[in-house]
Amino acid sequence: MPEQPFSVSGTRHRLLGKQIELQLARDFVLKFTPAEASSLSFALVAVRDGISPEREIYMSPIASDEAFVGTVLDHGISIAMPVGALELNWSKVGLLAESLAAAIA
């Protein structure tokens with residue numbers, strides 16, 4: 001089974017409380033509040049399922065210096081990173097959305 005192109009985990013911020021960490025590369029980690037992670041999860045599912053006509057998902061999480069920028073393609077989403085991009089097919093987009101939702105609970 002191939003390695004996941006991302007990891008999602010929970011952590012705590014000393015002021016903001018519970019955080020959801022999305023690691024897309026060794027040096028590219030985004031930290032979301034539960035509300036931000038929930039919004040991103042819903043947006044990913046909406047574009048995957050064709051409910052939303054959006055062609056880009058953008059989120060600047062409050063606890064991160066970087067932003068999530070995902071360009072919607074015919075076959076999935078391309079996530080911009082400082083060096084290159086991470087392309088996820090629709091199956092991996094669904095897995096990312098599920099992982100974000102599970103980390104919130």
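This briefing walks through the helices, a sheet and the salt bridges of the structure above.

The model is predicted, so local features need pLDDT of at least 70, side-chain atom pairs count only at pLDDT 80 or more, and totals for chains, interfaces and linings use all residues. Residues are numbered from 1 along each chain as its sequence is written, and side-chain values use heavy atoms, leaving out hydrogens and water. Helices (H or I, at least four residues) and strands (E, at least two) are DSSP runs, numbered from the N terminus.

**The sheet**

- Strands 1, 2 and 3 make an open sheet in the order 1-2-3, with antiparallel pairing; two strands pair if DSSP finds at least two bridges between them.
- Its edge strands are strand 1 (7-13) and strand 3, each of which pairs on one side only.
- On average, neighbouring strands of this sheet are turned by 30° against each other, direction ignored. Axes are lines fitted to C-alpha atoms (for helices, over the stretch in contact), and angles run from 0 to 180 degrees between N-to-C directions.
- Between strand 2 and strand 3 there are 5 bridges in the antiparallel sense, and Q23 has V29 in strand 3 as its bridge partner.
- Helix 1 packs on the sheet, where it touches strand 2 and strand 3, and its direction makes about 110° with that of strand 3.
- Helix 2 lies across strand 1 and strand 2, running at about 155° to strand 2.

**Helix 1**

- Helix 1 covers residues 34-48, and its 15 residues should span 21 Å at 1.5 Å a residue; the end C-alpha atoms are 21 Å apart, which agrees. The expected span is 1.5 Å times one less than the number of residues.
- Its buried residues are E36, A37, L40, S41, L44, A46 and V47. Buried means under 20% relative accessible area, exposed means over 50%, and partly exposed is in between (1.4 Å probe, protein chains only).
- These buried residues pack against strand 2 (17-25), strand 3 (28-32), strand 4 (56-59), strand 5 (68-72), strand 6 (76-80) and helix 2 (90-104). Contact here means heavy atoms within 4.5 Å.
- After helix 1 comes G50, with a positive phi near 75°.

**Helix 2 and its link to S41**

- Helix 2 also has 15 residues, which at 1.5 Å a residue should span 21 Å; its end C-alpha atoms are 21 Å apart, in agreement.
- V93, G94, L96, A97, L100 and A103 are the buried residues of helix 2, and they pack against strand 1, strand 2, helix 1, strand 6 and strand 7 (85-89).
- N89 caps the N-terminal end of helix 2, with a side-chain oxygen 3.1 Å from the backbone nitrogen of S91.
- S41 lies in helix 1 and counts as buried because its relative accessible area is 10%.
- The side chain of S41 reaches the backbone oxygen of A97 at 2.8 Å. S41 touches A97, L100 and A101, not counting residues up to four places away in sequence.

**Salt bridges**

- The whole structure holds 2 salt bridges, each a side-chain nitrogen of Lys or Arg within 4 Å of a carboxyl oxygen of Asp or Glu.
- In one, the side chains of E21 and K31 meet at 3.8 Å, N to O. This pair links distant parts of the chain, with E21 in strand 2 and K31 in strand 3, 10 residues apart.
- E21 is partly exposed because its relative accessibility is 21%, and K31 is partly exposed at 33%.
- D49 forms a salt bridge with R48, their closest N and O atoms being 2.8 Å apart.
- D49 counts as partly exposed at 43% relative accessibility, and R48 is partly exposed with a relative accessible area of 29%.

Definitions and conventions:
A polar contact is a pair of N or O atoms within 3.5 Å; within protein, one must be able to donate a hydrogen and the other to accept it, and residues adjacent in sequence count only if both atoms are side-chain atoms.
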